[in-house]
Amino acid sequence: MITQPGFLASEFPPGVESFDYKSLIPSLDGTTWGPAFTKLTLLVWLAVAIVIIFFLVTYRNPTLVPTKKQWLAESVYGVVRNNIATDIIGPQGVRFAPYLATVFLFVFVTNLWSIVPLAQISPNSHLAFPVVLAVLTWFIYIGIGVKKHGLLGYLKHSTVQPGVPWWVHPILIPIEFLSNLILRPITLAVRLFANMFAGHMILLVFTLGGVALWNAGPLLLKPAALGSWAFAIVMTLFELFILSLQAYVFTLLSATYFQSSIADEH
Amino acid sequence: MNIASNAPAGEEYFVLGVPLAEVIVGLVAFGVLLFVLTKFVFPRMESMFQQRVEAIEGGLVKAEKAQAEAAALLSQYKAQLAEARTEAARIRDEARADAEGIRTDVLAKAREESDRIIAAGREQLAGERASIVRELRGEMGALAVSLAGKIVGESLEDEARRRGTVERALAELDTAGAR
């Protein structure tokens, strides 16, 4: 797995600078547009291209009795449509299914890069990508809330809890306002970002830690290095679980926010 | 694996930074994905789901129709079977009645025939008896006279007397036979 011990051990211990990717176009490095052409943005484009090609190819000639690939494509959309959009939002949730399914696919495939050999970093470990999705969700759920209840109606709907004693409102309304209208996109973005950041960090610690142990000299430490690498493999599998879960959670929470905006009651 | 690169001195990497360039890339990439999938893929999936639902519902309707048809056929067959049964029963009854009629006919004919035979036999018997009686009567007279002549040893001369005696004896015999 690791063949250049001398080189890699110098990276140990990994830190935040492990996430500082230089621009692939050297002349842009350090400028505003540098981050637009890094390994991470390349992986984002690759993810988008793979998803688009997969869906367009498998759904070019759909049949009533699906082929294996068609079934896979359908079940991704079908699960988001039926088990997230319709289950949480209700029958009218079907109109959000395309957005939710796209969010799920985008997050899942970009997350998947974190364990794909040679890529081994998720673009979502840079806060900017989760922020884009979280802010989009934020705009949408505020937009549909305002459209349904009116601006003031939506403010009241999302901040005033019914069935609460009047003297609690001065405390509760600011809290509700903060949590429902300000913090939701932040928690949504940070949850995804932090999970992918930490996952990458853990993998770095075990793989690079193994290298450091191997190169440390004493023969006694070599089995420890092997153990560290074995654990890196275990953590890679764990990372697969986490990245799927985070993609699901991101989609699920987006649907929940949509539902809270178009609900008649709390 | 060149995982990290060395940050240049003085320019620290900020983990929570949100570079505008990355935001734009994220927005455009997500937008492209959303556009393509929403425009070309998901509507076709929806229509496919719809078609599938219709296919299944159509199948159900077809199955229902087939079942109704089968039920109609079954009742028709049952009716036909019942009809055939009553027909068979009717035919059997008729046959029985016919057989009965034939039997009584044959019996009546046989009885008639036997009666006829018996009557003919009786008649013949009566005729024969009468002729035998007649013959006997004639012979009996002659026999009795000759017997009496032999016993007496002489010819019975008195024709008239002899005749009267025989006639009387025969008349007595007749009355004795009739008794």
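Start by selecting chain A: of its 266 residues, 38% are buried. Keep in mind as you click around that this is a predicted model.

With chain A still selected, switch to a cartoon view. You should find 8 helices and 0 strands, and following the chain along its sequence gives α-α-α-α-α-α-α-α. Drop back to the C-alpha trace and line it up on its principal axes: chain A spans about 70 × 55 × 40 Å. If you like contact maps, look at the pairs in chain A that are at least 6 residues apart in sequence; 62% of those contacts join residues at least 24 apart.

Next, colour chain A by annotation. The unreviewed UniProt entry puts "transmembrane region" at residues 40-59, 96-115, 127-146, 192-214 and 226-250. Two of these spans are worth a stop. Select residues 192-214 of chain A: the stretch is 100% helix and 0% strand, with 33 Å between its end C-alpha atoms. Then pick residues 96-115 of chain A, where the figures are 80% helix and 0% strand, and the end C-alpha atoms lie 30 Å apart.

Now for a helix pair. Two packed helices are described by the angle between their axes and the distance between the axes. Select α4 (residues 97-112) and α8 (residues 222-262), both in chain A; their axes come within 9 Å and cross at roughly 155°. Angles over 145 degrees count as roughly antiparallel, so that is how α4(A) and α8(A) run relative to each other. Their crossing is right-handed.

Which residues of α4(A) and α8(A) meet? Show side chains for L100(A), V103(A), F104(A), V107(A), F108(A), N111(A) and L112(A) on the α4(A) side. Facing them from α8(A) are L243(A), S244(A), Q246(A), A247(A), F250(A), T251(A), S254(A) and A255(A). Colour this contact by residue class and you get 10 nonpolar, 5 polar and no charged residues.

Time to bring in chain B. Its cartoon has 2 helices and 0 strands, and buried residues account for 7% of its 179 residues.

For the last stop, show both chains and select where they touch. How many residues does each chain bring to the contact? Chain A supplies 41 residues and chain B supplies 35. On the chain B side, the residues split into 28 nonpolar, 4 polar and 3 charged.

Note on methods. Residues numbered from 1 in each chain as written. Chains lettered and ligands numbered in written order. UniProt positions renumbered as here; feature names shortened; annotations may be inferred. Helix = DSSP H or I, 4+ residues; strand = E, 2+ residues; numbered from the N terminus. Axes fitted to C-alpha atoms, helices over the stretch in contact; angles between N-to-C directions. Parallel < 35°, antiparallel > 145°, perpendicular 65-115°, else oblique. Left-handed = near helix turned anticlockwise from the far one by under 90°. Contact = placed C-beta atoms within 7 Å. Nonpolar A, V, L, I, M, F, W, Y, C, P; charged D, E, K, R; others polar. Buried ≥ 20, exposed ≤ 12 C-beta atoms within 10 Å, placed from the backbone.
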